[in-house]
Amino acid sequence: MKQLIKQVHLETGYQYEDSVVIGTTIAPFDILIENGQFSKIEQMIEVTSDMQVMEAHGQLLLPSFREMHIHIDKTYFGGEWKAPTAITKGILTRIEEEQTLLPKQLPYAKERAIKMVEHLIANGHTHIRSHCNIDPQIGTKHIDITMEVLASFKGKITYEIVAFPQHGLIRSAVEPLMREAMEKGATHVGGVDPAIVDRATHQSLETMIQIAIDYDKHIDIHLHDRDTLGEHEFHVMMDLLEKHNFNNEVTISHAIALSDLQGASLEKLTKRLASFNIDVTTTVPIGQNSSTIPIPYLYENGVQVSVGHDSLTDHWSPFGTGNTIQKLNVLAERFKYINEYQLSQSLKYATGGITPLNAQGEQVWPKVGQTANALLVDAVSAAHTIARICPITTVISKGAVIFENNIELKGAYR
């Protein structure tokens with residue numbers, strides 16, 4: 001069955017005054033979707049008997065989101081309220097806690113993971129990358145649960161699974177379990193703070209990279225270490241990537257040291273990250289002890305940046321929402337993005353780089369032949385969506401409606 005979206009608003013260009021963007025031009029279109037792709041985009045398309053018709057009522061069409069950093073395997077979401085306990089030993093507090101907590105949570109892990117994925121879909125995500133604990137207490141049981149849950153949403157979302165040695169790759173001696181996770185179907189080899197957690201920077205990074213090479217997998221490592229220690233870890237990892245001629249995808253999650261560096265050190269590290277095509281994923285942390293990495297600077301200098309939520313609510317943090325529009329709102333406020341152009345272009349951090357209008361104001365999405373992953377939003381532009389945290393009413397994945405929110409359209413956020 002073909003899907004026809006009637007009278008949906010698309011961004012067609014920027015409005016300028018004295019060469020400055022002052023607004024976004026939108027116009028109504030009919031959009032036909034066939035075989036998961038946009039097949040026709042015209043001002044009016046005649047309805048035929050083989051079409052399923054969706055009335056957009058003038059809502060805005062935007063590209064769907066990619067959740068690039070979440071842990072669906074360990075969460076309080078869907079269970080009773082519980083706030084995290086105090087941290088007294090840094091990351092080691094949580095590692096010690098997980099040794100008893102995660103085995104206790106196993107009977108509830110699948111049910112809670114399902115609820116988390118449903119929540120992420122409702123918030124506009126059609127792709128999820130989940131990190132998944134690998135440790136001596138639970139072995140690869142979380143991999144089994146995560147794979148089962150995400151596979152149950154096949155056809156609705158695409159997904160990736162990072163085998164994540166939260167308690168240290170070397171410290172917890174989980175290399176055999178990591179290899180088992182690769183054989184079970186994990187797509188990425190993970191790692192965490194090799195200097196602080198493993199106390200063996202070179203050995204930890206070398207082992208992580210070697211596993212990825214042996215199984216032809218990608219890499220996604222958590223690096224929270226700050227200042228020059230974090231900077232050192234970045235450079236050692238890139239030295240080893242170069243040594244092994246590693247060509248698969250590499251992501252650094254959190255990358256907190258980038259928030260501490262300035263001047264020549266930041267410039268040198270950024271150029272190296274770009275030269276290795278290393279992506280950076282951030283939760284856009286804010287607060288006195290959580291500086292935000294320089295997202296605009298990184299992107300402008302060739303480093304791809306994505307956003308993720310890390311958690312919704314768990315023993316690490318009670319604050320996650322899963323609302324990526326809100327996440328972009330925080331990003332925009334943090335970097336003082338208040339004008340139409342800056343707000344509009346911020347969408348790229350949540351969509352894998354896709355924006356309806358490119359930097360020159362040319363319409364580049366949606367186009368015939370592109371995958372029909374999209375959102376209907378009660379908003380007048382991408383900028384409006386982010387600034388006012390406008391509501392999503394419909395989530396479309398490869399042309400199929402996977403979520404509908406039957407709210408009354410009032411434009412209340414305008």
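Select valine 284 in this predicted model. Valine 284 sits in the loop between strand E12 (279-282) and helix H7 (295-300). Its relative accessible area is 3%, under the 20% cut-off, so valine 284 counts as buried. The backbone here deserves a check: phi of valine 284 is near 55 degrees, a positive value in a residue other than glycine. Most residues other than glycine have a negative phi.

Next, go to aspartate 18, in the loop between strand E1 (2-17) and strand E2 (20-34). Aspartate 18 also is not a glycine, and its phi is positive, about 55 degrees. Is aspartate 18 buried or exposed? The relative accessibility of aspartate 18 is 71%, over the 50% cut-off, so the residue counts as exposed.

One further backbone stop is the pair tryptophan 365 and proline 366. The peptide bond that joins them is cis, with omega about -5 degrees. Most peptide bonds are trans. Proline 366 belongs to the loop between helix H10 (348-351) and strand E14 (374-377).

Now select helix H3, residues 175-184. Which residues of helix H3 are buried? They are Met178, Ala181 and Met182. Viewed down the axis of H3, these buried residues fall within an arc of 100 degrees, so they line one face of the helix. An α-helix has 3.6 residues a turn, so residues three or four places apart point the same way. To see what covers the buried residues of H3, add neighbouring elements to the selection; the cover includes helix H2 (141-151), E8, strand E9 (188-192) and helix H4 (201-215). Then rotate to the face of H3 turned away from the buried side, which carries the exposed residues Pro176 and Glu183. Just past the helix, look at glycine 185, which follows H3 and has a positive phi, near 125 degrees.

Move to serine 130, in strand E7. Serine 130 has a relative accessible area of 0% and is therefore buried. Show its side chain together with the backbone of isoleucine 72: the serine 130 side chain reaches the backbone nitrogen of isoleucine 72 at 3.2 Å. Leaving aside residues up to four places away in sequence, serine 130 touches Ile70, His71, Ile72, Thr146, Glu160, Ile161 and Val162.

Strand E7 leads on to a pocket. Display the second largest pocket, whose volume is about 320 Å³. It is lined by 19 residues, and the closest to the pocket centre are Ser64, Arg66, Thr126, Thr371 and Asn373. Which elements give two or more residues to this lining? They are strand E7 (125-133) and strand E8 (158-164). Colour the lining of the second largest pocket by class to find five nonpolar, 10 polar and four charged residues.

The last stop is a cavity. How many cavities of 30 Å³ or more are there? The count comes to one. The largest cavity holds about 40 Å³ of space. To locate the largest cavity, select the residues that line it: Asp73, Lys74, Thr75, Gln105, Tyr108, Ala109 and Arg112. Coloured by class, the lining of the largest cavity shows two nonpolar, two polar and three charged residues.

Key: Residues numbered from 1 in each chain as written. Predicted model: local features only at pLDDT ≥ 70, side-chain atom pairs only at ≥ 80, totals over all residues. Heavy atoms only, no water. 1 Å grid on protein atoms, 1.4 Å probe; cavity = no way out; pocket = protein on both sides within 12 Å on 5 of 7 lines; lining within 4 Å. Points joined across faces, edges and corners; volume = space filled by probe spheres on them. Helix = DSSP H or I, 4+ residues; strand = E, 2+ residues; numbered from the N terminus. Nonpolar A, V, L, I, M, F, W, Y, C, P; charged D, E, K, R; others polar. Buried < 20%, exposed > 50% of the residue type's maximum accessible area, 1.4 Å probe, protein only. Polar contact = N/O pair within 3.5 Å; in protein donor to acceptor, adjacent residues only side chain to side chain. Contact = heavy atoms within 4.5 Å. Arc of directions from axis to C-beta.
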